[in-house]
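Work through the exercises below with the sequence and coordinates open. Each task is followed by a solution in steps.

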Amino acid sequence: MKKKLSGGPAKMSVPPPQLRCSSIETDSQSCSPKQPPRDPLLQLVSLQKASGCWELDPALAAALGKTSEEVENTKPASVNQEVWATLLALIWLHGFKMDAQEEWELLAMKAASWLRAQNAPCVTECVKAGNALLGCNVQKVALGL
């Protein structure tokens, strides 16, 4: 005995327009709703590595309000990328987010400790270059170095 299907044609549910994905998109984030822009402080905090340093990458540059090219082209030649990135992050925090110091003070201490352990030979030069890039006037001693 065959069962007769009732109703008309089957109805398919279609996701809202902002959630539609094309057949070539495979990244799950490309199918999610647009997120509001993140707070630069939260971006910067989320990029710190467990060791206390930051990596020189486009996400860091964006959090600092700069392009990757600006950040990379102003790096003194004698410094490694992680030292440069970490100094930039500390200068930015001290230069732009002193009103939220209680929120980032411990991660800054960890970063300064990591920097001291690196024995980088050109920290003073890097602080000057970082201040010039970011438009700040943060003293090396204020960074805990």
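The model is predicted.

**Exercise 1. Overall content**

Task: State how many helices and strands the protein chain has, and what share of its residues count as buried.

Solution.
- Step 1. The secondary structure comes to six helices and zero strands, and from the N terminus on the elements run α-α-α-α-α-α.
- Step 2. Of the 145 residues, 32% count as buried.
- Step 3. Among contacts between residues at least 6 apart in sequence, 67% join residues at least 24 apart.

**Exercise 2. Span of H4 and its cover**

Task: Compare the span of H4 with the value expected at 1.5 Å a residue, then find which of its residues are buried.

Solution.
- Step 1. H4 has 16 residues and should therefore span 22 Å at 1.5 Å a residue; the distance between its end C-alpha atoms is 22 Å, in agreement.
- Step 2. Twelve of the 16 residues are buried, so H4 is mostly covered.
- Step 3. The buried residues are Val-83, Trp-84, Ala-85, Thr-86, Leu-87, Leu-88, Ala-89, Leu-90, Ile-91, Trp-92, Leu-93 and His-94.
- Step 4. Their cover includes H1, H2 (58–63), H3 (68–73), H5 and H6 (123–134).

**Exercise 3. One residue of H4**

Task: Classify Trp-92 as buried or exposed and list its contacts beyond four places in sequence.

Solution.
- Step 1. Trp-92 lies in helix H4.
- Step 2. Its relative accessibility is 6%; the cut-off for buried is under 20%, so Trp-92 counts as buried.
- Step 3. With neighbours within four places in sequence left aside, Trp-92 is in contact with Pro-40, Leu-41, Leu-44, Ala-63, Leu-64, Lys-97 and Leu-134.
- Step 4. For Ala-63, which is 29 residues from Trp-92 along the chain, the C-alpha separation is 9.5 Å.

**Exercise 4. Geometry of H5**

Task: Give the span of H5, locate its bend, and name its buried residues.

Solution.
- Step 1. H5 (residues 101–118) has 18 residues, and its first and last C-alpha atoms are 24 Å apart, close to the expected 26 Å.
- Step 2. A bend of about 30° is found at Leu-107.
- Step 3. Trp-104, Leu-107, Ala-108, Ala-111, Ala-112, Trp-114 and Leu-115 are buried.
- Step 4. An α-helix has 3.6 residues a turn, so residues three or four places apart point the same way.
- Step 5. The buried residues of H5 pack against H1 (40–47) and H4 (81–96).

**Exercise 5. The H4–H5 packing**

Task: Describe how H4 and H5 pack, and sort the contact residues by class.

Solution.
- Step 1. The two helices pack at about 145°, with axes 10 Å apart, and their crossing is left-handed.
- Step 2. H4 contributes Glu-82, Val-83, Thr-86, Leu-87, Leu-90, Leu-93 and His-94, while H5 contributes Trp-104, Leu-107, Ala-108, Ala-111, Ala-112, Trp-114, Leu-115 and Gln-118.
- Step 3. By class, the contact has eleven nonpolar, three polar and one charged residues.

**Exercise 6. Two asparagines**

Task: Which of the words buried and exposed applies to Asn-119, and which to Asn-131?

Solution.
- Step 1. Asn-119 follows H5 and lies in the loop between H5 and H6.
- Step 2. Its relative accessible area is 64%, over the 50% cut-off, so Asn-119 is exposed.
- Step 3. Most residues other than glycine have a negative phi. The phi of Asn-119 is positive, near 50°.
- Step 4. Asn-131 is in helix H6, and its relative accessibility of 10% means that Asn-131 counts as buried.
- Step 5. Beyond four places in sequence, Asn-131 is in contact with Ile-91, Cys-136, Asn-137 and Val-138.

How values were computed
Residues numbered from 1 in each chain as written. Predicted model: local features only at pLDDT ≥ 70, side-chain atom pairs only at ≥ 80, totals over all residues. Heavy atoms only, no water. Helix = DSSP H or I, 4+ residues; strand = E, 2+ residues; numbered from the N terminus. Expected span 1.5 Å × (residues − 1). Bend = angle between axes of the 7 residues up to and from the residue. Buried < 20%, exposed > 50% of the residue type's maximum accessible area, 1.4 Å probe, protein only. Contact = heavy atoms within 4.5 Å. Axes fitted to C-alpha atoms, helices over the stretch in contact; angles between N-to-C directions. Left-handed = near helix turned anticlockwise from the far one by under 90°. Nonpolar A, V, L, I, M, F, W, Y, C, P; charged D, E, K, R; others polar.
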